[in-house]
Amino acid sequence: MAFDPASALQVIKARDAYRRRCIVESPQDVRVVIDGRPRVNFCSNDYLGLASHPAVREAFRRGVDRWGVGSGASHLVCGHTAAHHALEEELAEFTGRPRALLFSTGYMANLGVVSALVGRGDTVFEDRLNHASLLDGGLLSGARFQRYRHADARALEAALVESRAETRLVVTDGVFSMDGDLAPLPELARVARDGGAWLMVDDAHGLAVLGAEGRGTPEHFGLDATEVPVLVGTLGKALGTFGAFVAGSEALIDYLIQRARTYVYTTALPPAVAEATRVSLRVVREEPERRARLHCNVRRFRAGAASLGFELGDLPGPIQPLVIGANADALEASRRLGERGFLVSAIRPPTVPAGTARLRITLSAAHSDEQIDGLLEALAEAAPREA
(Lines give C-alpha, C1' and ligand atoms only; values in the text may rest on other atoms or scores of the structure.)
Protein backbone atom coordinates (compact mmCIF):
# COMPACT_ATOMS: atom_id res chain seq x y z
CA MET A 1 0.00 0.00 0.00
CA ALA A 2 1.26 3.49 -0.86
CA PHE A 3 2.00 5.91 1.93
CA ASP A 4 -1.04 8.02 2.84
CA PRO A 5 0.07 11.41 4.21
CA ALA A 6 -3.51 12.42 5.11
CA SER A 7 -3.90 9.41 7.40
CA ALA A 8 -0.47 9.99 8.92
CA LEU A 9 -1.42 13.60 9.65
CA GLN A 10 -4.56 12.44 11.46
CA VAL A 11 -2.42 10.28 13.75
CA ILE A 12 -0.15 13.24 14.51
CA LYS A 13 -3.13 15.45 15.30
CA ALA A 14 -4.68 12.82 17.56
CA ARG A 15 -1.51 12.88 19.67
CA ASP A 16 -1.62 16.68 20.02
CA ALA A 17 1.70 16.64 18.15
CA TYR A 18 0.63 18.60 15.07
CA ARG A 19 2.81 21.66 14.47
CA ARG A 20 1.58 24.97 13.14
CA ARG A 21 3.67 27.86 11.91
CA CYS A 22 3.01 31.33 13.17
CA ILE A 23 3.58 34.14 10.69
CA VAL A 24 5.76 36.89 12.11
CA GLU A 25 5.00 40.29 10.57
CA SER A 26 7.83 42.28 12.15
CA PRO A 27 11.63 42.13 12.50
CA GLN A 28 13.05 39.60 14.92
CA ASP A 29 13.13 41.23 18.35
CA VAL A 30 11.78 40.84 21.88
CA ARG A 31 8.61 42.46 20.55
CA VAL A 32 7.09 40.85 17.48
CA VAL A 33 3.78 41.08 15.64
CA ILE A 34 1.95 37.84 14.85
CA ASP A 35 -1.40 37.80 13.06
CA GLY A 36 -1.65 41.52 13.64
CA ARG A 37 -1.16 41.20 17.41
CA PRO A 38 1.94 42.37 19.30
CA ARG A 39 3.62 39.76 21.48
CA VAL A 40 6.58 39.79 23.84
CA ASN A 41 8.88 37.13 22.43
CA PHE A 42 10.25 34.57 24.90
CA CYS A 43 11.12 31.78 22.46
CA SER A 44 13.82 33.24 20.22
CA ASN A 45 17.49 32.17 20.22
CA ASP A 46 18.57 35.78 19.61
CA TYR A 47 20.12 35.80 23.08
CA LEU A 48 22.04 39.07 22.81
CA GLY A 49 19.50 41.02 20.78
CA LEU A 50 21.79 41.26 17.75
CA ALA A 51 19.39 40.16 15.00
CA SER A 52 18.12 43.74 14.70
CA HIS A 53 21.21 45.57 15.98
CA PRO A 54 21.66 48.78 13.90
CA ALA A 55 25.36 48.15 13.21
CA VAL A 56 24.71 44.57 12.12
CA ARG A 57 21.87 45.64 9.84
CA GLU A 58 24.02 48.36 8.30
CA ALA A 59 26.86 45.88 7.72
CA PHE A 60 24.42 43.62 5.88
CA ARG A 61 23.29 46.53 3.67
CA ARG A 62 26.87 47.46 2.89
CA GLY A 63 27.60 43.80 2.15
CA VAL A 64 24.78 43.65 -0.39
CA ASP A 65 26.01 46.85 -2.02
CA ARG A 66 29.51 45.40 -2.39
CA TRP A 67 28.89 41.69 -2.98
CA GLY A 68 25.33 41.41 -4.26
CA VAL A 69 22.76 39.01 -2.84
CA GLY A 70 23.96 35.48 -3.64
CA SER A 71 27.38 33.86 -3.54
CA GLY A 72 26.88 32.17 -6.91
CA ALA A 73 28.49 28.81 -6.22
CA SER A 74 30.04 26.57 -3.60
CA HIS A 75 33.14 27.65 -1.69
CA LEU A 76 35.29 25.34 -3.82
CA VAL A 77 34.09 26.71 -7.16
CA CYS A 78 33.84 30.51 -7.06
CA GLY A 79 31.67 31.25 -4.00
CA HIS A 80 34.38 31.81 -1.39
CA THR A 81 34.75 35.59 -1.10
CA ALA A 82 37.12 37.74 0.89
CA ALA A 83 34.21 38.35 3.30
CA HIS A 84 33.87 34.62 3.99
CA HIS A 85 37.61 34.24 4.44
CA ALA A 86 37.88 37.17 6.84
CA LEU A 87 35.00 35.82 8.95
CA GLU A 88 36.62 32.38 9.14
CA GLU A 89 39.85 33.95 10.37
CA GLU A 90 38.02 36.03 12.98
CA LEU A 91 35.99 33.06 14.22
CA ALA A 92 39.17 30.99 14.54
CA GLU A 93 40.82 33.71 16.60
CA PHE A 94 37.71 34.20 18.75
CA THR A 95 37.43 30.50 19.58
CA GLY A 96 41.18 30.03 20.11
CA ARG A 97 41.65 27.61 17.20
CA PRO A 98 44.07 27.77 14.27
CA ARG A 99 41.32 27.71 11.62
CA ALA A 100 37.57 27.80 11.11
CA LEU A 101 35.34 26.68 8.24
CA LEU A 102 31.94 28.14 7.35
CA PHE A 103 28.86 26.03 6.64
CA SER A 104 25.47 27.15 5.39
CA THR A 105 23.58 25.90 8.49
CA GLY A 106 24.28 24.24 11.81
CA TYR A 107 22.48 21.13 10.61
CA MET A 108 24.77 20.88 7.58
CA ALA A 109 27.85 21.51 9.71
CA ASN A 110 27.03 18.63 12.04
CA LEU A 111 26.09 16.22 9.26
CA GLY A 112 29.21 17.11 7.32
CA VAL A 113 31.70 16.95 10.17
CA VAL A 114 30.49 13.69 11.73
CA SER A 115 30.21 11.86 8.39
CA ALA A 116 33.66 13.09 7.34
CA LEU A 117 35.37 11.97 10.55
CA VAL A 118 33.85 8.49 10.92
CA GLY A 119 32.49 5.79 8.62
CA ARG A 120 32.15 2.04 8.34
CA GLY A 121 34.28 0.24 10.90
CA ASP A 122 34.38 3.26 13.21
CA THR A 123 32.18 4.09 16.21
CA VAL A 124 30.46 7.33 17.15
CA PHE A 125 29.29 7.85 20.76
CA GLU A 126 26.51 10.36 21.35
CA ASP A 127 24.59 11.77 24.31
CA ARG A 128 20.96 10.60 24.20
CA LEU A 129 19.69 14.18 24.27
CA ASN A 130 21.92 15.52 21.50
CA HIS A 131 20.36 17.77 18.88
CA ALA A 132 18.72 15.97 15.96
CA SER A 133 21.45 17.14 13.57
CA LEU A 134 24.12 15.42 15.66
CA LEU A 135 22.10 12.23 15.96
CA ASP A 136 21.37 12.23 12.24
CA GLY A 137 25.03 12.80 11.47
CA GLY A 138 25.94 9.75 13.52
CA LEU A 139 23.23 7.59 11.97
CA LEU A 140 24.08 8.63 8.41
CA SER A 141 27.83 8.28 8.80
CA GLY A 142 27.81 4.51 8.41
CA ALA A 143 29.76 4.14 11.65
CA ARG A 144 28.52 2.03 14.55
CA PHE A 145 26.20 4.34 16.48
CA GLN A 146 26.09 4.22 20.29
CA ARG A 147 24.13 6.53 22.57
CA TYR A 148 25.14 6.98 26.21
CA ARG A 149 22.99 8.14 29.11
CA HIS A 150 22.47 11.88 29.20
CA ALA A 151 25.48 13.77 30.60
CA ASP A 152 26.87 10.51 32.02
CA ALA A 153 30.65 10.41 31.59
CA ARG A 154 30.89 7.05 33.38
CA ALA A 155 28.50 5.45 30.91
CA LEU A 156 30.58 6.86 28.06
CA GLU A 157 33.77 5.58 29.68
CA ALA A 158 32.34 2.07 29.93
CA ALA A 159 31.27 2.16 26.28
CA LEU A 160 34.72 3.28 25.17
CA VAL A 161 36.39 0.52 27.18
CA GLU A 162 34.25 -2.06 25.38
CA SER A 163 34.82 -0.57 21.93
CA ARG A 164 37.24 -2.20 19.53
CA ALA A 165 36.93 0.48 16.84
CA GLU A 166 40.15 2.06 15.69
CA THR A 167 38.55 5.47 15.14
CA ARG A 168 36.18 6.74 17.84
CA LEU A 169 34.29 10.01 17.95
CA VAL A 170 32.49 11.36 21.02
CA VAL A 171 29.79 13.90 20.13
CA THR A 172 27.87 16.16 22.49
CA ASP A 173 26.02 19.43 22.67
CA GLY A 174 27.72 22.03 24.86
CA VAL A 175 24.36 23.40 26.01
CA PHE A 176 21.40 21.10 25.40
CA SER A 177 18.87 23.01 23.36
CA MET A 178 15.65 21.73 24.95
CA ASP A 179 16.83 21.22 28.53
CA GLY A 180 19.24 24.12 28.94
CA ASP A 181 21.77 22.11 30.95
CA LEU A 182 25.49 21.90 30.20
CA ALA A 183 27.39 18.81 29.14
CA PRO A 184 30.02 17.77 31.72
CA LEU A 185 32.78 18.75 29.32
CA PRO A 186 35.79 18.36 31.67
CA GLU A 187 34.80 14.76 32.43
CA LEU A 188 33.95 14.02 28.79
CA ALA A 189 37.27 15.47 27.65
CA ARG A 190 39.18 13.28 30.11
CA VAL A 191 37.22 10.16 29.18
CA ALA A 192 37.66 10.81 25.45
CA ARG A 193 41.39 11.38 25.86
CA ASP A 194 41.89 8.25 27.95
CA GLY A 195 39.72 6.25 25.55
CA GLY A 196 41.63 7.34 22.45
CA ALA A 197 38.66 9.23 21.01
CA TRP A 198 38.05 12.59 19.36
CA LEU A 199 35.69 14.95 21.21
CA MET A 200 33.31 17.04 19.10
CA VAL A 201 31.22 19.73 20.82
CA ASP A 202 28.32 21.56 19.19
CA ASP A 203 28.26 24.83 21.11
CA ALA A 204 25.32 26.38 19.27
CA HIS A 205 23.72 27.69 22.47
CA GLY A 206 26.91 28.48 24.38
CA LEU A 207 28.83 30.58 21.86
CA ALA A 208 28.82 34.31 22.76
CA VAL A 209 26.74 33.48 25.85
CA LEU A 210 28.98 31.54 28.25
CA GLY A 211 32.54 32.16 29.37
CA ALA A 212 34.22 35.31 30.64
CA GLU A 213 34.67 36.61 27.09
CA GLY A 214 31.73 34.80 25.51
CA ARG A 215 33.87 32.13 23.88
CA GLY A 216 31.38 29.46 24.87
CA THR A 217 31.06 26.32 26.94
CA PRO A 218 34.73 25.28 26.62
CA GLU A 219 35.81 28.66 28.04
CA HIS A 220 33.18 28.33 30.79
CA PHE A 221 34.91 25.11 31.88
CA GLY A 222 38.46 26.33 31.17
CA LEU A 223 39.09 23.87 28.33
CA ASP A 224 41.37 24.53 25.38
CA ALA A 225 41.61 23.30 21.79
CA THR A 226 43.59 20.23 22.84
CA GLU A 227 40.78 19.08 25.11
CA VAL A 228 37.98 20.04 22.66
CA PRO A 229 39.58 19.48 19.23
CA VAL A 230 36.36 19.76 17.18
CA LEU A 231 34.18 22.77 17.97
CA VAL A 232 30.99 23.62 16.08
CA GLY A 233 29.16 26.91 16.50
CA THR A 234 26.19 28.58 14.86
CA LEU A 235 25.80 32.17 13.72
CA GLY A 236 21.99 32.34 13.86
CA LYS A 237 21.57 32.29 17.63
CA ALA A 238 23.51 34.64 19.93
CA LEU A 239 25.32 36.19 16.95
CA GLY A 240 21.98 37.04 15.37
CA THR A 241 22.72 36.24 11.70
CA PHE A 242 22.78 32.93 9.80
CA GLY A 243 25.05 29.98 9.13
CA ALA A 244 27.53 27.91 11.12
CA PHE A 245 31.19 26.99 11.40
CA VAL A 246 33.55 24.37 12.71
CA ALA A 247 36.84 25.37 14.33
CA GLY A 248 39.90 23.20 14.90
CA SER A 249 43.42 22.43 13.78
CA GLU A 250 44.90 23.27 10.39
CA ALA A 251 44.81 19.61 9.41
CA LEU A 252 41.21 19.10 10.56
CA ILE A 253 39.87 22.07 8.59
CA ASP A 254 41.85 21.20 5.49
CA TYR A 255 40.53 17.62 5.67
CA LEU A 256 36.93 18.84 6.04
CA ILE A 257 37.35 21.08 2.99
CA GLN A 258 38.22 17.94 1.05
CA ARG A 259 35.72 15.48 2.54
CA ALA A 260 32.74 17.17 4.26
CA ARG A 261 30.03 16.61 1.65
CA THR A 262 27.71 19.29 3.07
CA TYR A 263 30.52 21.79 2.56
CA VAL A 264 31.73 20.61 -0.83
CA TYR A 265 28.35 20.23 -2.51
CA THR A 266 26.36 23.30 -1.50
CA THR A 267 26.29 26.98 -2.34
CA ALA A 268 28.17 29.25 0.07
CA LEU A 269 26.08 31.46 2.32
CA PRO A 270 25.64 35.02 0.99
CA PRO A 271 28.77 37.12 1.55
CA ALA A 272 26.61 39.95 2.95
CA VAL A 273 25.70 37.60 5.80
CA ALA A 274 29.40 37.07 6.44
CA GLU A 275 29.94 40.83 6.59
CA ALA A 276 27.05 41.23 9.02
CA THR A 277 28.40 38.42 11.20
CA ARG A 278 31.83 40.05 11.37
CA VAL A 279 30.20 43.13 12.90
CA SER A 280 28.07 40.98 15.19
CA LEU A 281 31.20 39.24 16.44
CA ARG A 282 32.82 42.63 17.03
CA VAL A 283 29.80 43.72 19.10
CA VAL A 284 30.11 40.59 21.23
CA ARG A 285 33.72 41.47 21.98
CA GLU A 286 33.24 45.20 22.49
CA GLU A 287 29.97 45.15 24.44
CA PRO A 288 30.34 42.58 27.26
CA GLU A 289 27.54 44.41 29.05
CA ARG A 290 25.09 42.64 26.73
CA ARG A 291 26.18 39.29 28.08
CA ALA A 292 26.07 40.65 31.62
CA ARG A 293 22.54 41.91 31.08
CA LEU A 294 21.47 38.54 29.69
CA HIS A 295 22.69 36.72 32.78
CA CYS A 296 21.03 39.31 35.00
CA ASN A 297 17.77 38.60 33.19
CA VAL A 298 18.27 34.85 33.62
CA ARG A 299 18.75 35.29 37.38
CA ARG A 300 15.66 37.50 37.63
CA PHE A 301 13.50 34.96 35.80
CA ARG A 302 14.81 32.01 37.79
CA ALA A 303 14.24 33.73 41.11
CA GLY A 304 10.71 34.66 40.13
CA ALA A 305 9.91 31.20 38.80
CA ALA A 306 11.21 29.55 41.97
CA SER A 307 9.05 31.85 44.11
CA LEU A 308 6.03 30.69 42.11
CA GLY A 309 6.83 27.04 42.76
CA PHE A 310 8.20 26.09 39.35
CA GLU A 311 10.90 23.42 39.35
CA LEU A 312 14.01 24.49 37.47
CA GLY A 313 17.29 22.63 37.37
CA ASP A 314 20.77 24.14 37.59
CA LEU A 315 20.58 25.99 34.27
CA PRO A 316 23.10 28.84 33.89
CA GLY A 317 22.10 29.98 30.41
CA PRO A 318 19.14 31.62 28.68
CA ILE A 319 17.24 28.36 28.01
CA GLN A 320 14.83 27.84 30.92
CA PRO A 321 12.27 25.12 30.13
CA LEU A 322 9.18 24.47 32.24
CA VAL A 323 8.26 20.80 31.81
CA ILE A 324 4.48 20.40 31.69
CA GLY A 325 4.08 16.73 30.72
CA ALA A 326 1.14 16.10 28.41
CA ASN A 327 1.13 17.57 24.92
CA ALA A 328 -2.35 19.02 25.30
CA ASP A 329 -1.47 20.74 28.59
CA ALA A 330 1.64 22.34 27.11
CA LEU A 331 -0.34 23.58 24.12
CA GLU A 332 -3.01 25.03 26.38
CA ALA A 333 -0.43 26.82 28.53
CA SER A 334 1.18 28.29 25.41
CA ARG A 335 -2.24 29.43 24.15
CA ARG A 336 -3.07 31.13 27.45
CA LEU A 337 0.25 32.95 27.44
CA GLY A 338 -0.48 34.10 23.91
CA GLU A 339 -3.79 35.57 25.04
CA ARG A 340 -1.86 37.61 27.59
CA GLY A 341 0.55 38.88 24.94
CA PHE A 342 3.51 36.50 25.36
CA LEU A 343 5.02 34.23 22.70
CA VAL A 344 6.26 30.99 24.28
CA SER A 345 6.33 27.82 22.20
CA ALA A 346 5.11 24.44 23.39
CA ILE A 347 7.80 21.87 22.59
CA ARG A 348 6.49 18.33 22.15
CA PRO A 349 7.73 14.90 21.06
CA PRO A 350 9.61 13.88 19.04
CA THR A 351 11.72 16.96 19.82
CA VAL A 352 11.63 15.95 23.50
CA PRO A 353 10.92 12.55 25.09
CA ALA A 354 7.30 11.42 25.41
CA GLY A 355 5.60 12.79 28.51
CA THR A 356 7.93 15.78 28.82
CA ALA A 357 6.20 18.39 26.66
CA ARG A 358 7.30 21.80 27.86
CA LEU A 359 7.32 25.54 27.55
CA ARG A 360 10.77 26.41 26.27
CA ILE A 361 11.39 29.89 27.65
CA THR A 362 14.44 31.75 26.39
CA LEU A 363 15.77 35.01 27.79
CA SER A 364 17.46 37.80 25.86
CA ALA A 365 19.68 40.70 26.86
CA ALA A 366 17.03 42.91 25.25
CA HIS A 367 14.24 41.88 27.64
CA SER A 368 13.28 44.48 30.22
CA ASP A 369 12.59 43.81 33.90
CA GLU A 370 8.94 44.66 33.25
CA GLN A 371 8.68 42.10 30.43
CA ILE A 372 10.18 39.35 32.58
CA ASP A 373 7.94 40.20 35.51
CA GLY A 374 4.95 40.26 33.18
CA LEU A 375 5.78 36.79 31.89
CA LEU A 376 6.09 35.48 35.45
CA GLU A 377 2.70 36.92 36.32
CA ALA A 378 1.18 35.29 33.24
CA LEU A 379 2.85 31.95 34.00
CA ALA A 380 1.35 31.94 37.47
CA GLU A 381 -2.09 31.69 35.87
CA ALA A 382 -1.36 29.87 32.62
CA ALA A 383 1.06 27.05 33.52
CA PRO A 384 0.52 24.18 35.96
CA ARG A 385 3.11 23.55 38.70
CA GLU A 386 4.24 20.17 39.92
CA ALA A 387 2.30 18.94 42.94
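Does Asp35 count as buried or exposed, and at what relative accessibility? Asp35 counts as exposed, because its relative accessibility is 57%, over the 50% cut-off. This report returns to Asp35 after a look at the whole chain.

## Overall form

The model is predicted. Its protein chain contains 15 helices and 13 strands. The radius of gyration is 21 Å, and this agrees with the value near 21 Å that a compact globule of 387 residues would have. Along the principal axes, the C-alpha atoms fill a box of roughly 55 × 55 × 55 Å.

Of the contacts with a separation of 6 or more, 70% join residues that are 24 or more positions apart.

## Surface and charge

Buried residues account for 54% of the 387 residues. The accessible surface of the chain is about 17400 Å², and carbon and sulfur atoms contribute 51% of that area.

The charged side chains number 44 positive and 48 negative. The centres of these two sets are 4 Å apart.

## Nonpolar cores

The largest nonpolar core consists of 59 residues. Those with the most contacts inside this core are Phe42, Phe301, Leu337, Leu359, Ile361, Leu375 and Leu379. Helix α12, residues 271-286, supplies the largest share of the core, with seven residues. Apart from this core lies another, of 25 residues, including Val113, Leu169, Val171 and Met200.

What does Ile361 touch, leaving aside its neighbours within four places in sequence? Its contacts include Phe42, Phe301, Leu375 and Leu379, which are also listed among the residues with the most contacts inside the largest core. Ile361 is further in contact with Pro318, Ile319, Gln320, Pro321, Leu322 and Val344.

## Helix α13 and the loop after it

Asn297 is part of helix α13. Asn297 counts as buried because its relative accessible area is 0%, under the 20% cut-off. Beyond its neighbours within four places in sequence, Asn297 contacts Leu363, Ser364, Ala365, His367, Asp369 and Ile372.

Pro316 lies in the loop that runs between α13 (288-307) and β10 (319-325). With a relative accessible area of 30%, Pro316 is partly exposed. Outside its neighbours within four places in sequence, its contacts are Gly180, Leu182, His295 and Val298. Pro316 and Ala268 are 48 residues apart along the chain, and their C-alpha atoms are separated by 34 Å.

## Backbone exceptions

Most residues other than glycine have a negative phi, and most peptide bonds are trans. Three places in this chain can be set beside that background.

The peptide bond from Pro349 to Pro350 is cis, and its omega is near 10°. Pro350 sits in the loop between β12 (346-347) and β13 (357-362).

Asp16 has a positive phi, near 55°. Its place is in the loop between α1 (5-14) and β1 (31-34). Asp16 counts as partly exposed, because its relative accessibility is 31%, a value between the 20% and 50% cut-offs. Asp35 also has a positive phi near 55°, and is found in the loop between β1 and β2 (37-41). As stated at the start, Asp35 counts as exposed, at 57% relative accessibility.

Technical notes
Residues numbered from 1 in each chain as written. Predicted model: local features only at pLDDT ≥ 70, side-chain atom pairs only at ≥ 80, totals over all residues. Heavy atoms only, no water. Helix = DSSP H or I, 4+ residues; strand = E, 2+ residues; numbered from the N terminus. Rg over C-alpha atoms; globule rule 2.2 N^0.38 Å. Buried < 20%, exposed > 50% of the residue type's maximum accessible area, 1.4 Å probe, protein only. Contact = heavy atoms within 4.5 Å. Areas by Shrake-Rupley, 256 points an atom, 1.4 Å probe, with all protein chains shown as cover. Lys, Arg positive; Asp, Glu negative; His and termini not counted. Charge placed at Lys NZ, Arg CZ, Asp CG, Glu CD. Core = buried A, V, L, I, M, F, W, Y, C linked by side-chain atoms within 4.5 Å.
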